[in-house]
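Work through the following exercises with the sequence and the model open. Each task is followed by a solution in steps.

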Amino acid sequence: MSNRDFLKSFFTEHWKYMTVSAACKLNLFDVLVSGGKTSLEISECLSIKKQNGELLLNGLVSIDFLDKVKSKYELNNLSKLLTDNHPETLKYTCLNWSGEHLDAWSDLEESIKTGNSFFENKYKISYFDFLNENEEKLDHYHKAMFAYAKDDYKDIADVIDFSIHKSVMDVGGGYGAAISNVKERFSELDCYLLDLELVIDRSNLLNDVKLLKGDFFKEIPKVSDAIILSRILHDWNEEKSTQILNNLYQALPEHGTLYIIENCSDKIDVDLSLLSLNMLVMCDSFERSSYEYIALANESQFKFIEAKKLNELQTILIFKK
Ligand SMILES: C[S@@+](CC[C@H](N)C(=O)[O-])C[C@H]1O[C@@H](n2cnc3c(N)ncnc32)[C@H](O)[C@@H]1O
């Protein structure tokens, strides 16, 4: 392919994701769980015009997200993963990258000029304050994070022996994927999940994890001798990260343990440059190296002990108070 042809096709690559995202928003894939349907049947289920429905259905077939067998459209192995009730569903992960994520990316040049996130530039608030004002977006975001977290933290209890602790608190733990895995393996351990009030109200943990409503920029309760801080610092700039780490230091007892889990750019083969741009437009932040996380934690008086690989992306940095 010539460079000109490559570019012409590259400019419209996002049409593919937008087509799939529209299908998720319309619950189109869910309508097909019970079996293949004609365009008329699908359009009636979705209360849309048959002609418009066919445009979307044919778009989905063209990018291999649906199969067309005779006159019926059927789910395939990709679109099955985008249905609500699939145990491994990525529907909300798909939805997460539309809406405000696209608005933010559309304004990337403004964030590059100002160094601020889209939400700071446009609304003078952080992304998490923006989510707090919109419960549906907040829920979609946390369902998306939970889907990532379920995969990312599945081995956490193999990598870290939490039995050396009496209690562990997952600070900013979202819907609790990491702490549930810890509790499942170490049933004697007192486990706490701390997050913002609206998040805790919606979290649906079944095992015996205690729920705490809180704000890591304010006081963090002194309930555990170990704290997990996973995928939090990459959301915040230096100043905010230091505030969080100072509060964690106050919350832990002498010799308490802090587990910082992040994608450390120096520890992996994956290039994090585009994710860093995402962190800028969303959160006024960027992906850091392990040295940068260690320097941040040292500033708040934590002593670095060791690093352990959690998976292909994430590293656990272990600190002591
Ligand atoms: C990127 S998510 C990480 C979630 C989870 N730890 C994980 O690794 O998947 C950031 C989390 O920080 C929480 N958060 C944001 N601001 C917070 C605050 N001020 N106090 C407590 N939690 C907060 C969000 O609600 C969200 O659950």
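**Exercise 1.** Which exposed residues does the face of helix 2 turned away from its buried side carry?

*Solution.* The model is predicted: local features need pLDDT of at least 70, side-chain atom pairs count only at pLDDT 80 or more, and totals for chains, interfaces and linings use all residues. Residues are numbered from 1 along each chain as its sequence is written.

Step 1. Locate the element. Helices (H or I, at least four residues) and strands (E, at least two) are DSSP runs numbered from the N terminus. Helix 2 spans residues 14–25.

Step 2. Apply the burial cut-offs. A residue is buried if 20 or more other C-beta atoms, placed from the backbone, lie within 10 Å of its own, exposed if 12 or fewer, and partly exposed in between. In helix 2, V20, A23 and C24 are buried. They lie on the same side of helix 2 because they cover an arc of only 105° around the axis, the arc being that of the directions from the helix axis to the C-beta atoms.

Step 3. Read off the face turned away from the buried side: the exposed residues there are H14 and W15.

**Exercise 2.** Describe the open sheet and the helix 14 packing on it.

*Solution.*

Step 1. Seven strands make up the open sheet, in the order 5-4-3-6-7-9-8, with mixed pairing. Two strands pair if DSSP finds at least two bridges between them.

Step 2. Strand 5 (210–213) and strand 8 (303–309) are the edges, each pairing on one side only.

Step 3. Inside the sheet, strand 6 (residues 226–230) and strand 7 (residues 257–263) pair in the parallel sense over five bridges. I228 stands opposite Y259 in strand 7.

Step 4. Helix 14 (residues 177–185) packs on the sheet and touches strand 3 (167–171), strand 4 (190–195) and strand 6. Contact requires C-beta atoms, placed from the backbone, within 7 Å. The direction of helix 14 makes about 175° with that of strand 4; axes are lines fitted to C-alpha atoms, for helices over the stretch in contact, and angles run from 0 to 180 degrees between N-to-C directions.

**Exercise 3.** Is S47 buried or exposed, and is D284 buried or exposed?

*Solution.*

Step 1. S47 lies in the loop between helix 4 (39–46) and helix 5, and its phi is positive, about 55°.

Step 2. S47 has 8 C-beta neighbours inside 10 Å and therefore counts as exposed.

Step 3. D284, in the loop between helix 17 (273–283) and helix 18 (290–299), has a positive phi of about 60°.

Step 4. D284 has 22 C-beta neighbours inside 10 Å, so D284 counts as buried.

Note on methods
The expected span of a helix is 1.5 Å times one less than its number of residues. Two residues are in contact if their C-beta atoms, placed from the backbone, lie within 7 Å.
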